[in-house]
Amino acid sequence: MNSVDRGVRSIWIDLLLYPTHTLPTAAAPVLVGVGLAIHDHAFAALLALLGFLASWLIHLSGIFTDNYVLLSRHPDVAEHPELLAALRNGTLSLGALRLAAVSCIAAALLTGPYLLDVAGPNVIALGCVGIAASLGYSLGRAIVADAARHRRRRVLPDVRRRSRGRHLL
């Protein structure tokens, strides 16, 4: 086994779930909410736990989506050699990444009815903003990059023609 070959558990835990990064990132907004709830004498442990769980799942979905977009659009990217090796040897599949991303959003949505009942519609609005930001980070970049690539193909020939032989770009 060379340095890029890893087992399934190592791929999912160390490289995709990446708990030392994802857990603190998901905890930060919940800790702010806990602090405000304690200040207002309205702290509810179950609500904080479910909020953290939903936050973490939404964040994980963004991580999985980002890796899915990166690996599907740029299969030779050197940024993640372990993930590329896992794709090549079958330890990881793009379908599994897509399923994990969708499953995380679905599981986060399961917390919605309780959070709505106890905390109100603002919690649902924040969850929707979180989902949009999490997925928009990678999907939005891909859409913008595709649009820019398409626009560049259309515009560059015109600019070169207008420059009368001088290449501006």
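**Figure 1. Serine 55, a buried residue of helix H3.** In this predicted model, serine 55 has a relative accessibility of 18%, so it counts as buried, the cut-off being under 20%. Serine 55 is part of helix H3. Look for its side chain: it comes within 2.9 Å of the backbone oxygen of alanine 26. Alanine 26 also turns up among the contacts of serine 55, along with Pro29 and Val30, once neighbours within four places in sequence are set aside.

**Figure 2. Threonine 22 and its two polar partners.** Here we move to helix H2, residues 19-39, where threonine 22 sits. How buried is threonine 22? Its relative accessibility is 0%, so it counts as buried. The side chain of threonine 22 reaches the backbone oxygen of leucine 17 at 2.7 Å. There's a second link too: a polar contact of 3.0 Å between the side chains of threonine 22 and tryptophan 56. If you skip residues up to four places away in sequence, threonine 22 touches Leu17, Trp56, His59, Leu60 and Ile63.

**Figure 3. Helices H1 and H3 crossing each other.** To describe two packed helices, you give the angle between their axes and the distance between the axes. For H1 and H3, the angle is about 100 degrees and the axes are 11 Å apart. That's why H1 counts as roughly perpendicular to H3. Which residues of H1 and H3 meet? From H1 come Trp12, Leu16 and Leu17, and from H3 come Leu60, Ile63, Phe64 and Asn67. Sorted by class, this contact has six nonpolar residues, one polar residue and no charged ones.

**Figure 4. Inside the largest nonpolar core.** This core has 21 residues, and the ones that touch the most other members are Ile11, Trp12, Leu16, Phe64, Leu83, Leu92 and Leu97. Four helices each give two or more residues to the core: H1 (8-17), H3 (45-73), H4 (81-89) and H5 (94-110). Try zooming in on leucine 16. Apart from neighbours within four places in sequence, leucine 16 is in contact with Ile11, Ile63, Phe64, Asn67, Leu83, Leu92 and Leu97.

**Figure 5. Helix H4 and what covers it.** Which residues of H4 are buried? They are Glu82, Leu83, Leu84, Ala85 and Ala86. H1 and H3 are among the things that cover these buried residues. Just after H4 you'll find glycine 90, which has a positive phi, near 85 degrees.

**Figure 6. Alanine 119 and leucine 47, far apart in sequence but 8.0 Å apart in space.** Alanine 119 belongs to helix H6, residues 112-119. At 33% relative accessibility, alanine 119 counts as partly exposed. Count along the sequence and alanine 119 is 72 residues from leucine 47, yet their C-alpha atoms are 8.0 Å apart. For the chain as a whole, take the contacts with a separation of 6 or more: 72% of them are between residues 24 or more positions apart.

**Figure 7. Stepping back to the protein chain.** How many helices and strands are there? The protein chain has seven helices and zero strands. Reading along the sequence gives the pattern α-α-α-α-α-α-α. The protein chain has 169 residues, and 32% of them count as buried.

Key: Residues numbered from 1 in each chain as written. Predicted model: local features only at pLDDT ≥ 70, side-chain atom pairs only at ≥ 80, totals over all residues. Heavy atoms only, no water. Core = buried A, V, L, I, M, F, W, Y, C linked by side-chain atoms within 4.5 Å. Buried < 20%, exposed > 50% of the residue type's maximum accessible area, 1.4 Å probe, protein only. Contact = heavy atoms within 4.5 Å. Axes fitted to C-alpha atoms, helices over the stretch in contact; angles between N-to-C directions. Parallel < 35°, antiparallel > 145°, perpendicular 65-115°, else oblique. Nonpolar A, V, L, I, M, F, W, Y, C, P; charged D, E, K, R; others polar. Polar contact = N/O pair within 3.5 Å; in protein donor to acceptor, adjacent residues only side chain to side chain.
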